[in-house]
Structures are given as C-alpha cells and as structure tokens.
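Please open the model in a viewer and keep the selection panel at hand. The tour below proceeds stop by stop, stating what to select and what is to be found there.

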Amino acid sequence: MPTPIHSDGTISITVNGEHKRVPAGLSIADLASQLGLVPEKVAVERNLEVVPRSTIAQVCLEDGDELEIVHFVGGGDHRVAGGASIDEDRWTVAGRSFRSRLIVGTGKYKDFAQNAAALEASGAEIVTVAVRRVNVSDPNAPMLTDYIDPKKITYLPNTAGCFNAEDAIRTLRLAREAGGWDLVKLEVLGEARTLYPDMVETLRATEVLAQEGFLPMVYCVDDPIAAKRLEDVGAVAIMPLGAPIGSGLGIQNQVTIRLIVEGAKVPVIVDAGVGTASDAALAMELGSHGVLMNTAIAEAKDPVMMAAAMKAAVESGRLAYRAGRMGKRRYADPSSPLAGLI
C-alpha cells in the first residue's frame, strides 16, 4: 500500500468532483458507508474503470484516486408536465426567486423555539414579522432573530394591526430603517371584528409606498377588480383572503380566486383562512403562486407536524395544477374497456 502523503495518516482522493482526505487503507465499501450510502446499492468507477460490486469491500483506496459513485434514480431528471424539473419550479416576486411556495407567520406560537422548529418543518423561505416596540424594560429578552436568522430566511415585515394608511406607511418606514427591508407585506384593516381589509386605505397606502421605493405585497379582498387596481398602483404581489384571518374556514370563493389568478401579471398568494392541508392544496390547485398562513400551523395540536403537512400540501397542489386535472363528467366513464368482456 502506498505511503500516505499526509503526516496525519490520510490520503487525498476525489469523489464525484469533490476533494476529500480519508484514512489510508480505507476500502471503497467503507468510504460508501461513511458517506451514508449502502455499498450494495451503488456503482463505483475508480480512475475511469468500473469496480465490480463484488470486490468493493476488498479494494483499498490509494492517494490520488478519482471516484465516481452513482445510483439509480426514478425517471431520469424528475421532469413533469411542460418539461420543467420539479426542483426548478421556482417563483419570483419583485425580482427575487424562491423555491418554497409556502409563506408562514411568526405569531401565536408558545415560544420562539417552537416557531423555529415549525419553520424548518415547513421548508418556507419567507416569514412574516410584525413590527413592534423593543422591550426597553428587558432588553435581554429573547428576540425572534435569535431563533430565525434573517440572513438565511427572508423577513417580510407586515403592518398587522394597522387600521389606516398613515399607520401602515409609518410602520413600514420604521421597518426599512431597522432592517433595510423594502419587500414588505401591507395590510390595512377595516375593523377589528372581521379583520377585513379597508380597500380605500389599502390602495392609498400601496400607492405611497410604491412611490417611496417599497415593494408591497398587498393583502386584499377576493375581488378581481380591486386586485387589478392594486397592481396598477404598484403592488408586486396580490394576496387575496381565502376566508377571514384566523378563521380556518378554508377557501370560501374559489371562483374569484381563480379570476384574480387569471387576470394578474404579478404573483397571487392566498392569504388568510387556511385551516388544514387540504385548504392549502386547493389554493394551489386554483393556480395561486403560493399560500401564506400562520394560525393553521401555530394553533394545531402539533404545530411542527402540521407545518410538515402544509409543506406537502402546497407541493402536491402545485404539481396537480401543473399536471392539469381531468375534466369533470356528469356520468360514469369506465377505466377499463368494455369490449372483450367474458
């Protein structure tokens, strides 16, 4: 066996284009196991020669070896209808691209640790955050940024609790000063009982914010005309409610959501009303670019498990939309041919 070139008893090899240092005398099978692979389920090429699977436990690595380790994957490149890869199915808002179509909130959790765990399970890349006063009486109190890193997750400051355009604009100006954020979520509520948006104030705030360089994603009623007007004054995303905030009633008006999606030139995110995974899947099947939710996850009996369910539902609904559902029929249509019956 060649003498290792490193004083610590290791040798240098290349595995699938990546340089690694491994202990001298390591077999190919041992290396596969260290990489978390099952040796019996991979094929290995060593220095451009295929190593018979029956011998990989006996073949020891040497300094300078170049390995290619491959295995079988279903269907080649996981392409779906339209030729695009599932992994490449990203969406873009205001020039920023994201993989996950699930946006989650950061309220109502029992603590920041649970919030962070649910976020990880959801796979979301954007979280909405409320802008609130700093706790000056206890400056050492835990902060959301201690648990969710804004360098890794996109913070979307929102104006939750604002009931007029002036308060919403002021809030977002402070948010931009605090964190430099220009991509924001605007919501201006009409009254506290229903938490329905006040569209007159919402339109006014959207126009001002857009003129000041903000990129507002705007919560609104499920009205195609209102959605178009928001887009005209500078909204970078339209966020119609599926049902009242925190109600968990699910999508109440599929027709108007679909009309908004069909008419919008910016992303449409269903915001509010989702109660369970089937609601999220339905929102995506209608053609929405994404879904935003908070209460449905935070108030579940197991928020982390529900977050995982919502991730799967959003992905499933998106795939179903892209695949194109079958047409609805008034009567039965047999799956098996009737000709040739015994």
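**Strands β8 and β9**

Begin by selecting strand β8 (residues 102–104) together with β9: the two run parallel and are joined by 2 bridges. Strands pair here if DSSP finds at least two bridges between them. Strands (E, at least two residues) and helices (H or I, at least four) are DSSP runs, numbered from the N terminus. Within this pair, Ile-103 stands opposite Ile-126 of β9. Strand β9 covers residues 126–130, and 4 of these 5 residues are buried, so the rest of the structure largely encloses it. Buried means under 20% relative accessible area, exposed over 50%, and partly exposed in between, with a 1.4 Å probe and protein chains only.

**Basis of the model**

This is a predicted model, in which local features need pLDDT of at least 70 and side-chain atom pairs count only at pLDDT 80 or more, while totals for chains, interfaces and linings use all residues. Residues are numbered from 1 along each chain as its sequence is written, and side-chain values use heavy atoms, with hydrogens and water left out.

**The whole chain**

Now display the entire protein, whose secondary structure comes to 9 helices and 15 strands. Of its 342 residues, 41% are buried. Among contacts (heavy atoms within 4.5 Å) with a separation of 6 or more, 61% are between residues 24 or more positions apart.

**Loops flanking the first pair**

Next select Lys-108, in the loop between β8 and α2 (112–122). Its phi is near 75°, a positive value in a residue other than glycine. Most residues other than glycine have a negative phi.

Proceed to Tyr-147, in the loop between β9 and β10. Tyr-147 is partly exposed, with a relative accessible area of 41%. Which residues does Tyr-147 contact, leaving aside its neighbours within four places in sequence? They are Phe-112, Ala-113, Ala-116 and Pro-142. The C-alpha atoms of Tyr-147 and Ala-116 are separated by 6.1 Å, although their positions lie 31 residues apart along the chain.

**Helix α3**

Select residues 165–179, the 15 residues of helix α3. At 1.5 Å a residue, the helix should span 21 Å, and its end C-alpha atoms are 21 Å apart, which agrees; the expected span is 1.5 Å times one less than the number of residues. At the start of the helix, a side-chain oxygen of Asn-164 comes to within 3.2 Å of the backbone nitrogen of Glu-166. Just after α3, Gly-180 has a positive phi of about 75°.

Colour the helix by burial. Its buried residues are Ala-165, Ala-168, Ile-169, Thr-171, Leu-172 and Ala-175. Viewed down the axis of α3, these residues fall within an arc of 160°, so they line one face of the helix; the arc is that of the directions from the helix axis to the C-beta atoms. An α-helix has 3.6 residues a turn, so residues three or four places apart point the same way. The face turned away from the buried side carries the exposed residues Arg-170, Leu-174, Glu-177 and Ala-178. The cover over the buried residues of α3 includes β10 (154–158), β11 (183–186) and α4 (199–211).

**Strands β11 and β12, and Thr-206**

Add β12 to the selection: 4 bridges join it to β11, and the two strands run parallel. Leu-183 has Leu-215 in β12 as its bridge partner. In β12 (residues 215–220), 5 of the 6 residues are buried, so the strand is largely enclosed by the rest of the structure.

Then centre the view on Thr-206 in helix α4. Thr-206 is buried, with a relative accessible area of 0%. The side chain of Thr-206 reaches the backbone oxygen of Thr-202 at 2.7 Å. Beyond neighbours within four places in sequence, Thr-206 contacts Leu-186, Pro-216, Val-218, Leu-230, Val-233, Gly-234 and Ala-235.

**Cysteines and a last loop**

How many disulfides does the structure hold? The count is 0, where a disulfide is a pair of cysteine sulfur atoms within 2.5 Å. Select Cys-162, which is buried with a relative accessible area of 7%, and then Cys-220, which is buried with a relative accessible area of 0%.

Finish at Ala-272, in the loop between β14 (269–271) and α7 (277–285). Phi of Ala-272 is near 90°, a positive value in a residue other than glycine. With 9% relative accessibility, Ala-272 counts as buried.

Methods:
A polar contact is a pair of N or O atoms within 3.5 Å; within protein, one must be able to donate a hydrogen and the other to accept it, and residues adjacent in sequence count only if both atoms are side-chain atoms.
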